[in-house]
Amino acid sequence: MLATAGTLPDNTDRPWSFEMKYDGCRMLASVGSCEPVLWTRAMNVVTPQIPRSPKL
């Protein structure tokens with residue numbers, strides 16, 4: 001989730017690269033046989049702050 005230094009692809013003549021940043025939430029999710037749990041990058045549980053989607 002954090003930018004890290006890396007090597008550039010061989011097929012480019014520019015000395016830099018980038019990734020697009022889209023506004024929103026970056027979270028880790030745990031799903032399985034129990035209720036889902038959502039964490040932030042700092043490992044804070046944020047499940048209660050995220051609204052549930054209505055069942056379709």
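This is a short tour of one small set of residues in a protein model, starting with the whole chain and then zooming in.

**The whole chain**

Keep in mind that the model is predicted. The protein has 56 residues, and 4% of them count as buried. In terms of secondary structure, there are 2 strands and 0 helices. About 5800 Å² of the protein is exposed, and 57% of that area comes from carbon and sulfur atoms. What about contacts between residues far apart in sequence? Among contacts with a separation of 6 or more, 13% are between residues 24 or more positions apart.

**Two strand residues**

Let's start with A29, which sits in strand β1, a run covering residues 28-30. Is A29 buried or exposed? A29 counts as exposed because its relative accessible area is 57%, and the cut-off for exposed is over 50%. Leaving aside residues up to four places away in sequence, A29 touches V37, L38 and W39.

One of those partners, V37, belongs to strand β2, which spans residues 37-39. V37 has a relative accessibility of 24%, so it counts as partly exposed. Which residues does V37 touch, if you again skip those up to four places away in sequence? The list is L28, A29, S30, V45 and T47.

V45 and T47 also turn up when you check spacing between C-alpha atoms:

| Pair | Separation in sequence | C-alpha to C-alpha distance |
|---|---|---|
| A29 and V45 | 16 residues | 9.8 Å |
| V37 and T47 | 10 residues | 5.7 Å |

**A backbone oddity**

Now move along to M43, found in the segment after β2. What is the phi of M43? The value is about 65°, which is positive, although M43 is not a glycine. Why point this out? Most residues other than glycine have a negative phi, so a positive one goes against the usual pattern.

Technical notes. Residues are numbered from 1 along each chain as its sequence is written. This is a predicted model: local features need pLDDT of at least 70, side-chain atom pairs count only at pLDDT 80 or more; totals for chains, interfaces and linings use all residues. Side-chain values use heavy atoms; hydrogens and water are left out. Helices (H or I, at least four residues) and strands (E, at least two) are DSSP runs, numbered from the N terminus. Buried means under 20% relative accessible area, exposed over 50%, partly exposed in between (1.4 Å probe, protein chains only). Contact means heavy atoms within 4.5 Å. Accessible areas come from the Shrake-Rupley method with a 1.4 Å probe; for residues, only the protein chains shown count as cover.
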